[in-house]
Amino acid sequence: QHPVLCDSVPRVPPPAATGSDEEDDSDSSTKPIRSEKKKNPASLFQTGGDPPKEKKSKKKAPPKAAESEEETPETPQKNSNKKGKGKKSKKPKEERPPSPIIEVDNLEEFVLRPAPQGVTVKCRVTRDKKGMDRGLYPTYYLHLDNDKKVFLLAGRKRKKSKTSNYLISIDPTDLSRGGENFIGKLRSNLMGTKFTVFDNGANPDRANADWSNVRQELSAVVYETNVLGFKGPRKMTVIIPGMNADNERVPIRPRNDNDGLLMRWQNKNMDNVIELHNKAPVWNDETQSYVLNFHGRVTHASVKNFQIVHGSDTDYIVMQFGRVADDAFTMDYNYPLCAVQAFAIALSSFDGKLACE
């Protein structure tokens, strides 16, 4: 048994977890970076030149509002909203605030486009383990968490790879590398502790003359062990390309393995690169577990639950992910992430070497 993460303290007494809280000290030491919070969140991700000021300032408040549809704290019993099925009852707003209206006209374009500023894109990830080898190679599906349940992406681990390698597709029935629905992939290192997310561009070996067809790196994820190995709250570092003055992702197209996001980050070469971290959960003596406030979007304690934030504004949730049923999770993301980035980061948290539940 080990510590687990759950929703806000008043609502979720999670399954008793008897892990030691010795590493809580080191986790909470990252908390006090609160001073310069009143910035426009978009400015945190700007790396390419000065942003046109007036373009963004008017969108200052909504990210907070979108996050803070907080539930009423007086629901201490956890079981009442445990079953995902119950969400069609009279009060879906209390259960799990749904996604705002989001138009997905062109799926391929949508899943690579950053979330609109001030809008939290709320999604649901389901894990399908049915079939012969699904236990080892489940398929994961991403839908918008709203009435229409619009399909966005599917992901599945490739079987014959030396390292963990997940294909991401815009067609739930076609998860082949060569198909036209292939939109990106997630690849791990041998240890299974570092992951890189690519779009569907070409390998640098097959570059055309101006390199315009070469794949972009969309993000990288690094998991650190703590004093309990992977059994306490995980520590994640997420590295993403910065945004330019037009709020578009700066393309990062490495020409070789020494030029990717991970290498830039390791070499502290942070031009056009943004470093994010998971928000450190707080140890709660009463429930004997680590807790985070997911504003009603997460109902089950799990070591996989996390929130990703920028060090300069830990109240702006760039992405959050957490369990709502055995094989169902909510995944919400904000500017500057796109669906492929967020889904791939979520897939990395399922990977075998990290799955220690």
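Me: How many aromatic pairs does a search of the whole structure find?

Reply: In this predicted model, the search turns up 9 aromatic pairs.

Me: Why is the pair of F45 and Y316 called tilted?

Reply: The ring centres are 6.1 Å apart and the planes sit at 50°. Centres within 6.5 Å make a pair, and planes under 30 degrees apart would be stacked while those over 60 would be edge-to-face. An angle of 50° falls under neither heading, so the pair is tilted.

Me: What makes that pair a tie between parts far apart in sequence?

Reply: Look at where the two rings sit. F45 is in the loop between α1 (24–28) and β2 (46–48), and Y316 is in strand β16 (residues 313–325), so the pair ties together parts 271 residues apart in sequence. Both F45 and Y316 are buried, too.

Me: And why is the pair of F45 and Y335 edge-to-face?

Reply: Here the planes are at 75°, with the centres 6.3 Å apart. The distance is within 6.5 Å and the angle is over 60 degrees, so edge-to-face is the right label. Y335 lies in the loop between β17 (328–333) and α7 (339–349), so this pair ties F45's loop to a part 290 residues away in sequence.

Me: How do you know whether F45 is buried or exposed?

Reply: Its relative accessible area is 0%. Buried means under 20%, so F45 counts as buried. Y335 comes out at 3%, which also puts it under 20%, so Y335 is buried as well.

Me: Which residues form one aromatic cluster?

Reply: Y140, F306, F321, F329 and F350 do.

Me: What makes K129 and D327 a salt bridge?

Reply: Their closest N and O atoms are 3.8 Å apart. The cut-off is 4 Å between a Lys or Arg side-chain nitrogen and an Asp or Glu carboxyl oxygen, so the pair qualifies. K129 is in the loop between β3 (121–128) and β4 (139–144) and D327 in the loop between β16 and β17, so to speak of a link between distant parts of the chain rests on a separation of 198 residues. The structure holds 8 salt bridges.

Me: Why does K129 count as partly exposed?

Reply: Its relative accessibility is 42%. Partly exposed is what remains between buried, under 20%, and exposed, over 50%, so K129 lands in that middle class. D327, at 27%, is partly exposed on the same test.

Me: How do you know that D145 and R297 form a salt bridge?

Reply: The closest N and O atoms are 2.9 Å apart, and that is within the 4 Å limit. This pair links distant parts of the chain as well, with D145 in the loop between β4 and β5 (151–157) and R297 in the loop between β14 and β15 (306–310), 152 residues apart. Both D145 and R297 are buried.

Me: What about K157 and D351: what makes them a salt bridge?

Reply: Their side chains meet at 3.4 Å, N to O, which is within 4 Å. K157 is in strand β5 and D351 in the segment after α7, with their places 194 residues apart in sequence. At 1% relative accessible area, D351 falls under the 20% limit, so it is buried.

Me: Why is no salt bridge counted for E217?

Reply: The nearest side chain of opposite charge, R187, is 5.9 Å away. A salt bridge needs the atoms within 4 Å, so E217 has none, even though it is buried. E217 lies in strand β9 (residues 217–224).

Me: What lies 2.7 Å from a polar atom of the side chain of E217?

Reply: The backbone nitrogen of L261 does. That distance is within the 3.5 Å limit, so it passes the distance test for a polar contact. Beyond its neighbours within four places in sequence, E217 is in contact with residues including T196, F198, P241 and I252.

Me: And why is Q288 called partly exposed?

Reply: Its relative accessible area is 35%, which is between 20% and 50%, so partly exposed fits. Q288 sits in the loop between β13 (282–284) and β14 (289–291). A polar atom of its side chain lies 2.9 Å from the backbone oxygen of D285.

Me: What share of the chain counts as buried?

Reply: Of its 357 residues, 55% do.

Notes: Residues numbered from 1 in each chain as written. Predicted model: local features only at pLDDT ≥ 70, side-chain atom pairs only at ≥ 80, totals over all residues. Heavy atoms only, no water. Helix = DSSP H or I, 4+ residues; strand = E, 2+ residues; numbered from the N terminus. Buried < 20%, exposed > 50% of the residue type's maximum accessible area, 1.4 Å probe, protein only. Lys, Arg positive; Asp, Glu negative; His and termini not counted. Polar contact = N/O pair within 3.5 Å; in protein donor to acceptor, adjacent residues only side chain to side chain. Contact = heavy atoms within 4.5 Å. Phe/Tyr/Trp six-rings, centres within 6.5 Å; stacked < 30°, edge-to-face > 60°.
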